[in-house]
Structures are given as C-alpha cells and as structure tokens.
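Please look at the sequence and the fold shown below before reading on. The paragraphs that follow go from the surface to the interior and then to the aromatic rings.

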Amino acid sequence: MTATALNLPALIEQFHRDGYLVIPGVLSEEKVNRLNAAVDRILAGEPDALAYNIYNSVERDDEIASLIDEPTLLPLMVGLLGYNIQLHISHLTIRKPNPSDVKTESQSFINWHQDGPHPQFPKQNGVTSTYYIKTCYILSDMSEPNRGNTKIIPGSHNKPFHPGNQDVRGLVEGEVQVCGKPGDVFIFPQNLWHAGAPNHSEFTRRQLFLGYSPIWMRPIDYHQASERLLASATPYRKQLLGSIDSNPFKYYVPNAEMVPLKELAQPEGGTSVYE
C-alpha cells in the first residue's frame, strides 16, 4: 500500500467519530518477516516470560526504527495531529498463550483504561481531549478474537464514559476486540477506553505501538534520540525524533524549516497533497 491509496478525509472523519481505524495491508509480508526477525533478536536478550513490554523499541533495532516515518501513515498522522509532531512512544508488546490468566509483573493482560499520566489529563465536561495517537502494527495473526487482542469501546473518546467493570476478563457493553492480520495497522487516540485482553489461544500476540504527539509534549519512553538514530535520519525522521533546535522555545513556535512535515499538511478545506 502507498500513501496515495488512503482516502485521508474519509479516514480522518471516521477516526473522529469512532475513535479508531483499522487499515489493512500497510506492511508487506516481507516487511512483517523482517520486523518479526527484529523482535526475535530483541527477545533473545530478554529473560523468558509470558509477556513482554519493551519501550523505546526504535533504539533496539533499525528495522523497527524504519517505521518512525512510515510513508503510508505519515500524512494521516499529520492530518490528525497537525505537522508539529514527534515520536511519543515506541512500545513492543508480546503476549504468549496464557489460558490460565496468570497475572505477571510484565502485565500478561491489562484492564480497562485511558492512556496518560498520573494524575490523568484534565477533563472538560467529563471528556478528555486527544493528546497523542498510537499506530499499532500487527505482527502476528490477530484475525480472530481471544488472541490477546486489544479491546476498545468505540466512541468512548468523545463522551463521558467509564466502564462498569474494569476487569478485562469481564464483558463491557459495546466492547470490540480489534482483529487484524500481520501487516495491518490499528490506530487510536490515548483517550479511547481500551484494554489488553488475556490470550486464551495457541497464538503469541505480537503488536508494535508507535505513538505521536505534539512536539511540545515530553515523550514517554526517551529523553532524546541517540546520535546513532539521528546520524542517518531524513529531515522527516529528524523532526519526529524531536531534533529541531537547541532553543526549547522553538518546540512551541518552530520556524518553518524546523518542521518539514508541514509540506504534508493539507490546504485548508482542501484534499490530500497525495491526490
């Protein structure tokens, strides 16, 4: 798939309405295989566990870092958040089969929540604004439910909501398990209510989350990008890694040359620059 294949206005409208998108076939089979090989290399250096949560994953392998400025999705991120954005988080999650629902320190499953700091982002009239958006690359067969899928409550990002039962092993009215095949991408904002369900299948869940936020926010899992990542970074990637100027004031009011992603922004009331 290429950026030209996405109907950006329709996807943006759907995202604001439902609070999530599932975009099929973003990554080729070859790319998924290379990413899974990268995951294997990372896990080879970790203690054996039922579940893994590996943050700042872009620093762990160049194959994962290649997704920072994935060209199919980057115009969509600009359309949703604006062009003054950065990489906010890169989080690899692995959930092995766990039919007994063993709860581990590495969080074999995660109960209902909105993402964010503690204390939580402020609410207005019971609603939390969107501060950052995650792209979830599905790297294993999640085409059926109960494989450790992400559960969501569609529309819960834009209305006062709290699940009656926060235990993900229960059933919340209106919940949906997000399904997808390797290479599909699931996109959602931090204020959508979601959960990481237990894995009762014979499949190991592999999902890689890359999140984006305004560049004036503190990233979740890194202070600043390494010189290694920055050395080979394209202008887009350099901006997304937060390297735009030594003056912190420029994070709030950057000069045009500091934010090259501005060229992906759609004209006011216009259509995608890729059309």
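Which residues form a nonpolar patch on the surface, with about 450 Å² of accessible area together? They are Trp216, Phe249, Tyr252 and Val253. A patch is made of residues with over 30% relative accessible area and no salt bridge, with nonpolar side chains (Val, Leu, Ile, Met, Phe, Trp, Tyr) joined within 5 Å and like charges within 9 Å; a salt bridge is a side-chain nitrogen of Lys or Arg within 4 Å of a carboxyl oxygen of Asp or Glu, and accessible areas come from the Shrake-Rupley method with a 1.4 Å probe, with only the protein chains shown counting as cover for residues. Val253 lies in the segment after helix H6 (235–240), where helices (H or I, at least four residues) and strands (E, at least two) are DSSP runs numbered from the N terminus. At 39% relative accessibility Val253 is partly exposed, a class between buried (under 20%) and exposed (over 50%).

This is a predicted model, in which local features need pLDDT of at least 70 and side-chain atom pairs count only at pLDDT 80 or more, while totals for chains, interfaces and linings use all residues. Residues are numbered from 1 along each chain as its sequence is written, and side-chain values use heavy atoms, with hydrogens and water left out.

In the interior, the largest nonpolar core has 50 residues, and Ile23, Leu76 and Ile187 have the most contacts inside it; such a core is a set of buried Ala, Val, Leu, Ile, Met, Phe, Trp, Tyr and Cys residues joined through side-chain atoms within 4.5 Å. Helix H2 (residues 29–44) gives the most to this core, with six residues.

Turning to the rings, those of Phe, Tyr and Trp (its six-membered ring) pair if their centres lie within 6.5 Å, and planes under 30 degrees apart count as stacked, over 60 as edge-to-face and the rest as tilted. By this rule there are six aromatic pairs. One of them joins Tyr20 and Phe186 edge-to-face, at 6.4 Å centre to centre and 70° between the planes. Because Tyr20 lies in the loop between helix H1 (8–18) and strand E1 (21–23), and Phe186 in strand E10 (residues 185–189), this pair ties together parts that are 166 residues apart in sequence. Phe186 is buried, with a relative accessible area of 1%, and Tyr20, Phe186, Phe188 and Phe209 form one aromatic cluster.

Key: Buried < 20%, exposed > 50% of the residue type's maximum accessible area, 1.4 Å probe, protein only.
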